[in-house]
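Please look over the sequence and the model below before reading on. The text then walks through selected parts of the fold.

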Amino acid sequence: MTDLSMDTEEKDRYYVIQVAPRAEANTEALIRARLDARLYSRCFHPLRHVRKKFRGQWQDIHEKLLPGYVFLTAPSAPELYEGLRQVPALTKLLGRNEGNLFVSLLPEEIQWLEKVTAGGDEVRISLVTVSEGDVVTVVDGPLKDLEGHVKKIHLHRRIAEVEVNFMGRKTVIHLGIELVGKTGENVSVVGSLL
């Protein structure tokens with residue numbers, strides 16, 4: 001994982017672009033085709049790995065973690081901003097100021113994104129156990145050590161609702177979980193808070 005204690009001036013920053021619904025992949029292709037590759041390191045939209053039940057069978061699905069957003073990592077905002085103005089599919093370059101430039105994600109936003117994606121482009125499924133009294137414990141995966149951000153567990157849907165700060169506001173994202181152990185006779189699988 002990336003060392004987050006490093007000064008952000010010494011490494012790439014994360015920038016966020018709001019795009020039209022379902023246009024993430026197309027926007028990424030346009031950026032790669034029209035923008036000088038020296039202006040950015042990565043262009044991606046993070047995915048989440050979840051399991052959903054279709055016709056009685058659980059299937060692995062890869063969905064957008066934050067639909068409508070494309071992320072770029074780059075060392076310099078001014079050059080990136082000028083290059084991105086040439087990409088027609090962009091809806092909005094996100095930031096916290098009203099000036100001509102957009103700003104990078106805050107260090108804590110970068111930290112949760114890099115933690116849940118393990119520095120890649122996809123959030124894998126977290127493994128959980130349930131003990132008597134509906135106590136849910138994350139034993140492995142991106143939710144480990146993020147229990148304070150988990151608002152609700154839906155064991156029957158294999159989803160955890162996680163509240164994070166994203167672009168200056170609280171956002172709820174849904175991450176996949178897999179039940180790997182259950183003890184006790186009367187354990188509810190409807191869900192509980194961690």
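The paragraphs below take up a sheet, a helix on that sheet, two individual residues and a strand pair. The model is a predicted one.

Begin with the sheet that holds strands 8 to 12. It is open and made of 5 strands, which follow one another in the order 9-8-12-11-10 with mixed pairing. Strand 9, residues 135-140, and strand 10, residues 150-154, are the edge strands. Each of these two has a single partner strand, so one of its sides has no neighbour in the sheet. From one strand to the next, the twist averages 35 degrees.

Within this sheet, strand 11 covers residues 159-166 and strand 12 covers residues 169-182. The two strands run antiparallel to each other and are joined over 8 bridges. One residue pair to locate is N165 with K170, where K170 in strand 12 is the bridge partner. Helix 3, residues 107-117, packs on the sheet and touches both strand 11 and strand 12. The direction of helix 3 makes about 150 degrees with that of strand 11.

Strand 8 of the sheet spans residues 126-131, and S126 belongs to it. Is S126 buried or exposed? Its relative accessibility is 0%, so S126 counts as buried. Leaving aside residues up to four places away in sequence, S126 touches V138, D140, G141, P142, L143, G176, I177 and E178. Among these contacts, V138 and D140 fall within the range of strand 9, 135-140, while G176, I177 and E178 fall within that of strand 12, 169-182.

Next, turn to a loop position. H45 lies in the loop that links strand 2 (42-44) and strand 3 (47-54). Although it is a loop residue, H45 is buried, at a relative accessible area of 15%. The cut-off that matters here is 20%, since buried means a relative accessible area under that value. Which residues does H45 touch, not counting residues up to four places away in sequence? They are E24, A25, E28, K64, Y69 and D121. With E28 there is also a polar contact between the two side chains, at 2.3 Å.

The last stop is strand 1, residues 13-19. Of its 7 residues, 5 are buried, so strand 1 is largely enclosed by the rest of the structure. Strand 1 pairs with strand 5, residues 69-74, in the antiparallel sense over 6 bridges. In this pairing R13 stands opposite A74 of strand 5. Y69, listed above as a contact of H45, lies in the range of strand 5, 69-74.

Conventions: Residues numbered from 1 in each chain as written. Predicted model: local features only at pLDDT ≥ 70, side-chain atom pairs only at ≥ 80, totals over all residues. Heavy atoms only, no water. Pairing = 2+ DSSP bridges. Helix = DSSP H or I, 4+ residues; strand = E, 2+ residues; numbered from the N terminus. Axes fitted to C-alpha atoms, helices over the stretch in contact; angles between N-to-C directions. Contact = heavy atoms within 4.5 Å. Buried < 20%, exposed > 50% of the residue type's maximum accessible area, 1.4 Å probe, protein only. Polar contact = N/O pair within 3.5 Å; in protein donor to acceptor, adjacent residues only side chain to side chain.
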